[in-house]
Amino acid sequence: MQILITFLAGYLLGSIPFGLIIVHLNGKGDIREIGSGNIGATNVLRTGNKSIALITLFLDGSKAAMALFIFEYFYGVNFGLIAGASALIGHCYPIWLKFRGGKGVATFFGFLIASSWVVASLTGLVWLVVALISRMSSLAAIAAATLTPLIAFSLNHSKLAIVSSILAVIIVFRHSENIKRIAKGAESKFGK
């Protein structure tokens, strides 16, 4: 029962669509009708307002971190990992938006920062290197998420490696359209 409560609490916290709310409150309309239609920070940036994109990035990352910290504090590491992971699931598949949410990258990094700042730093470095070389945020996110379980495992964070493996699958799946565009050479790049 405690596992179910932890999952639902994390999921509901993660399902708060901050991008949708912030864009609407700033008079920019419905984020689902802009750019890719995604509610995450990358699409919020397409409104032309860097400030609200940064706020969205912070809040989306905070969802998983808060869930993890709260449940770890009261119930231990395992419950913290469950809560943080379920926040990412809630972000990607929010019940309020007919299960059509963000791609989970900011929420994933928030989860990693709360779990292990070392793993988060190395994952961030992977993202940065791939982004600088490819100039594609999506490819950088896919590479970072995919390599995170290996990074965690190599640093003896076996539980984090297992959970991040599941989350990496979700993130890669959420980027399936990006992967198709990358394969066709049609994915958008920084500066274009």
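# A walk through the cores, pockets and salt bridges

Start in the middle of things: the largest nonpolar core has 31 residues, and Leu88, Phe108, Phe111, Leu112, Leu160 and Leu167 are the ones touching the most other members. Select those six as sticks. Then colour the helices that feed this core: α4, α5 (77-92), α6, α7, α8 and α9 (158-174) each supply at least two residues. The largest share comes from α9, with seven residues. Keep in mind as you click around that this is a predicted model.

**Stop 1: Phe108**

Stay in the core and centre on phenylalanine 108. What does phenylalanine 108 touch, not counting residues up to four places away in sequence? You should find Leu88, Thr123, Ala145, Thr148, Ser164, Leu167 and Ile171 around phenylalanine 108. Two of these partners, Leu88 and Leu167, are also on the list of core residues that touch the most other members.

**Stop 2: the second core and α2**

Next, select Ile22, Val23, Ile39 and Ala53. These are among the eleven residues of a second core, separate from the one you just left. Ile22 and Val23 sit in helix α2 (residues 18-25), so show that helix whole; its buried residues are Phe18, Gly19, Leu20, Ile22 and Val23. Turn on α3 and α4 too, since both are included in what covers those buried residues. Follow the chain past the end of α2 and you reach glycine 27, which has a positive phi, near 70 degrees.

**Stop 3: the largest pocket**

Time for a surface view. Rolling a probe the size of a water molecule over the atoms shows where empty space is left. The largest pocket here comes out at about 1000 Å³. To find the pocket, select Ala41, Thr42, Asn43, Trp127 and Ser137, which lie nearest its centre out of 36 lining residues. The elements that give two or more residues to this lining are α3 (41-45), α4 (50-75), α6 (105-115), α8 (137-154) and α10 (176-184). Which element gives the most? That would be α4, with five residues. Colour the lining by class and you'll get twelve nonpolar, 15 polar and nine charged residues.

**Stop 4: Trp127**

Zoom in on one of those central residues. Tryptophan 127 belongs to helix α7 (residues 117-134). Is tryptophan 127 buried, exposed or partly exposed? Its relative accessible area is 24%, so tryptophan 127 counts as partly exposed. Show everything in contact with tryptophan 127, leaving aside neighbours within four places in sequence, and you get Phe109, Ser137, Ala140, Ala141, Ala144 and Phe190. For a quick distance check, pick the C-alpha atoms of tryptophan 127 and serine 138: the two residues are eleven apart in sequence and 9.5 Å apart in space.

**Stop 5: the second largest pocket**

Now select Ser36, Gly37, Asn38, Arg100 and Gly101. They lie nearest the centre of the second largest pocket, which is lined by 15 residues. About 390 Å³ of space lies in this pocket. The largest share of its lining comes from α10, which gives four residues. By class, this lining has two nonpolar, six polar and seven charged residues.

**Stop 6: salt bridges**

Last, the charged pairs. Side chains of opposite charge can pair when their charged atoms come close. The whole structure holds four salt bridges, and three of them are worth a visit.

- Select aspartate 60 and lysine 63. Their closest N and O atoms are 3.4 Å apart, and both residues lie in helix α4, three residues apart, about one turn of the helix. Aspartate 60 is buried at 2% relative accessible area, and lysine 63 also counts as buried, at 2%.
- Move on to glutamate 177 and lysine 180, with closest N and O atoms 3.3 Å apart. The two are separated by about one helical turn because they are three residues apart in helix α10. Glutamate 177 is partly exposed at 44%, and lysine 180 is partly exposed at 47%.
- Finish with glutamate 187 and arginine 181, whose side chains meet at 2.7 Å, N to O. Glutamate 187 counts as buried, at 9% relative accessibility, whereas arginine 181 is partly exposed at 33%.

If you want to know what the two in-helix pairs have to do with helix geometry, here's the rule: an α-helix has 3.6 residues a turn, so residues three or four places apart point the same way.

How values were computed:
Residues are numbered from 1 along each chain as its sequence is written. This is a predicted model: local features need pLDDT of at least 70, side-chain atom pairs count only at pLDDT 80 or more; totals for chains, interfaces and linings use all residues. Side-chain values use heavy atoms; hydrogens and water are left out. On a 1 Å grid over the protein atoms alone, a cavity is a set of points where a 1.4 Å probe fits but cannot get out, and a pocket is an open set with protein on both sides within 12 Å along at least five of seven lines; lining residues have an atom within 4 Å of a point. Grid points are joined across faces, edges and corners, and a volume is the space filled by probe spheres set on the points. Ala, Val, Leu, Ile, Met, Phe, Trp, Tyr, Cys and Pro count as nonpolar, Asp, Glu, Lys and Arg as charged, and the others, Gly among them, as polar. Buried means under 20% relative accessible area, exposed over 50%, partly exposed in between (1.4 Å probe, protein chains only). Contact means heavy atoms within 4.5 Å. A nonpolar core is a set of buried Ala, Val, Leu, Ile, Met, Phe, Trp, Tyr and Cys residues joined through side-chain atoms within 4.5 Å.
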